[in-house]
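User: Hey, can you walk me through this structure? I'd like to hear about the salt bridges and how the helices pack.

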Amino acid sequence: MARTQGSHSGITGPRVRKAALTLFAQHGYAAVSMRQIARDVGVQAGALYNYTPDKQSLLFDLMKTHMDELLASRAALATPPSPAAALETFTRMHIRFHSERPDEVFIAYMELRNLSPENFAEIEALRRAYEDQLEEILRAGVISGDFTVADPKVTTMAVIAMLTGVNTWFREGGRLSLEEVEQIYWDMVRKAVRA
């Protein structure tokens, strides 16, 4: 299909990203071709290169955008007065943010192996920056006596894995509301870090 007259990067560029996001989440990065993305967007395969240098750049852009938005959401939150309040805020924000972006979350975790070494290093640095925020909360709680954890780094990884797992099973309209799920998970996280 030829590029339609009047189409431009402000419209087609986001459509390319959306098609890549959907296809990568449904079929996996390795199984999706630029031709499939072009077909979903409604342009010729060669026209995609007006919007992205290659498929790797698309994957990297999707992952970086996800991490940038996650870090921005964290930065926009008010600083809670105690480690316990900070941990609750982190828990609820993480679940809420990720529940709204199931495809982005799937790609962010399952497609890391398909990044080039340079792109992997950049995404990994963003992930570490986010993980470090939770680790700082846990360390502050240990110092204040609010938390008892043997290893804040390991606890950080366990909590993030648990919270991100909500995306694998939660569905709007199910038995529990997102608010109820947040409360249950907050109770589990709170109990996990106390003696």
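Analyst: Sure. Let me begin with Glu182, which counts as buried because its relative accessibility is 4%. Keep in mind that this is a predicted model.

User: OK, which residue does Glu182 form a salt bridge with?

Analyst: Arg92. The closest N and O atoms of the two are 3.4 Å apart. Glu182 is in helix H9 (residues 178-192) and Arg92 in helix H4 (residues 83-99), so the salt bridge ties together parts that are 90 residues apart in sequence.

User: And Arg92, buried or exposed?

Analyst: Arg92 is buried, since its relative accessible area is 16% and the cut-off for buried is under 20%.

User: Which residues are linked with that pair in a network?

Analyst: Glu88, Arg92, Arg96 and Glu182 are linked in a network of salt bridges.

User: Remind me why side chains like that pair up at all?

Analyst: Side chains of opposite charge can pair when their charged atoms come close.

User: How many salt bridges does the count come to?

Analyst: The count comes to twelve salt bridges. One of them joins the side chains of Arg17 and Asp61, at 2.4 Å from N to O. That pair links distant parts of the chain, with Arg17 in helix H1 (residues 9-27) and Asp61 in helix H3 (residues 55-75), 44 residues apart.

User: How accessible are Arg17 and Asp61?

Analyst: Arg17 has 28% relative accessibility, so it counts as partly exposed. Asp61 has 29%, so Asp61 counts as partly exposed too.

User: Where do Lys64 and Asp68 lie?

Analyst: Both lie in helix H3, four residues apart, about one turn of the helix. Their side chains meet in a salt bridge, 2.8 Å from N to O. Lys64 counts as partly exposed because its relative accessibility is 25%, and Asp68 counts as partly exposed because its value is 31%.

User: Let's zoom out. How many helices and strands are there in the protein chain?

Analyst: Nine helices and zero strands. Along the sequence, the pattern is α-α-α-α-α-α-α-α-α. The C-alpha trace spans about 65 × 40 × 30 Å along its principal axes.

User: What percentage of the residues count as buried?

Analyst: Of the 195 residues in the protein chain, 45% count as buried.

User: Now packing. At what angle do H3 and H6 pack?

Analyst: H3 packs with helix H6 (residues 117-144) at about 20 degrees, and their axes are 10 Å apart. That makes H3 and H6 roughly parallel to each other, because angles under 35 degrees count that way. H3 passes H6 in a left-handed crossing.

User: And how about H4 and H7, what angle there?

Analyst: H4 and helix H7 (residues 152-164) pack at about 40 degrees, with the axes 9 Å apart. H4 and H7 are therefore oblique to each other.

User: Left-handed or right-handed crossing?

Analyst: Right-handed, as H4 passes H7.

User: Back to H6 for a second. Which helix is Ile137 found in, and is it buried or exposed?

Analyst: Ile137 is found in helix H6. Ile137 is buried, because its relative accessible area is 9%. In sequence, Ile137 and Phe90 are 47 residues apart, while their C-alpha atoms are 9.0 Å apart in space.

User: What about Glu179, where is that one?

Analyst: Glu179 sits in helix H9. Glu179 counts as exposed, because its relative accessibility is 53% and the cut-off for exposed is over 50%.

User: How far apart are the C-alpha atoms of Glu179 and Ile95?

Analyst: They are separated by 9.6 Å, with their positions 84 residues apart along the chain counted as the separation.

User: Last topic, the surface. Which residues make a nonpolar surface patch?

Analyst: Phe106, Tyr109 and Met110 make one, of about 260 Å². Tyr109 lies in helix H5 (residues 102-110). With 33% relative accessibility, Tyr109 counts as partly exposed.

User: Great. Could you recap the H9 part for my notes?

Analyst: Two H9 residues came up. Glu182 is buried at 4% relative accessibility and forms a salt bridge with Arg92. Glu179 is exposed at 53% relative accessibility, and its C-alpha atom is 9.6 Å from that of Ile95.

Technical notes
Residues are numbered from 1 along each chain as its sequence is written. This is a predicted model: local features need pLDDT of at least 70, side-chain atom pairs count only at pLDDT 80 or more; totals for chains, interfaces and linings use all residues. Side-chain values use heavy atoms; hydrogens and water are left out. Patches are made of residues with over 30% relative accessible area and no salt bridge: like charges are joined within 9 Å, nonpolar side chains (Val, Leu, Ile, Met, Phe, Trp, Tyr) within 5 Å. Accessible areas come from the Shrake-Rupley method with a 1.4 Å probe; for residues, only the protein chains shown count as cover. A salt bridge is a side-chain nitrogen of Lys or Arg within 4 Å of a carboxyl oxygen of Asp or Glu. Helices (H or I, at least four residues) and strands (E, at least two) are DSSP runs, numbered from the N terminus. Buried means under 20% relative accessible area, exposed over 50%, partly exposed in between (1.4 Å probe, protein chains only). Axes are lines fitted to C-alpha atoms, for helices over the stretch in contact, and angles run from 0 to 180 degrees between N-to-C directions. Angles under 35 degrees count as roughly parallel, over 145 as roughly antiparallel, 65 to 115 as roughly perpendicular and the rest as oblique. A crossing is left-handed if the near helix is turned anticlockwise from the far one by less than a right angle, and right-handed if clockwise.
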